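Here is a short, friendly tour of one protein chain. Please keep the sequence and the model side by side as you read.

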Amino acid sequence: MKLLKLRIENVNSLGGVHEIDFRAPEFRESGIFAICGPTGSGKTRLGGNQSILDAVTLALYGTTPRMEERVQTAKKDDACMVITKNTDQTSAQVTFESFGAVYRSRWSRRVKRTGKISGDEVELVRLASPDA
């Protein structure tokens, strides 16, 4: 599997909408790249956040190992600990290529007016092209 594009909305410390296009020239030309940034910026396990890695895992599998561990000890509706504080929805979407076909996988949850967390919304679509 080859990741082509990642879209993140309100996942952990990455509030708002963020996109990473792995087909961009700076990624393709280098052949290798690193995800780096200041402490707490959401790149890996920092302060309990794994924003970018969580987003990829959520988009593909609808859960993270950390979420599964937390559900066992969660208080009430705290089972969606990946949502950015003070927001009412979270989503992760990844476009990837596998065996010559291109797919888009998406996961999302939202907070209902009652304050309860909605069930997962998941989607896996085979695309005609990477830009579809």
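Among contacts in the chain between residues at least 6 apart in sequence, what percentage join residues at least 24 apart? The share is 48%, where a contact means heavy atoms within 4.5 Å.

A word on the model: it is predicted, with local features needing pLDDT of at least 70, side-chain atom pairs counting only at pLDDT 80 or more, and totals for chains, interfaces and linings using all residues. Residues are numbered from 1 along each chain as its sequence is written, and side-chain values use heavy atoms, leaving out hydrogens and water.

The chain has 3 helices and 5 strands, taken as DSSP runs numbered from the N terminus (helices: H or I, at least four residues; strands: E, at least two). Along the sequence they follow the pattern β-β-α-α-α-β-β-β. Of the 132 residues, 36% are buried (under 20% relative accessible area; exposed is over 50% and partly exposed lies in between, with a 1.4 Å probe and protein chains only). The chain exposes about 8300 Å², and carbon and sulfur atoms supply 51% of that area, by the Shrake-Rupley method with a 1.4 Å probe.

Two asparagines deserve a look, each with a positive phi:

| Residue | Phi | Loop | Relative accessible area |
|---|---|---|---|
| Asn 12 | near 50° | between β1 (2-11) and β2 (14-21) | 7% |
| Asn 86 | near 65° | between α3 (65-71) and β3 (89-98) | 83% |

Asn 12 counts as buried because its relative accessible area is 7%, whereas Asn 86 counts as exposed because its value is 83%.
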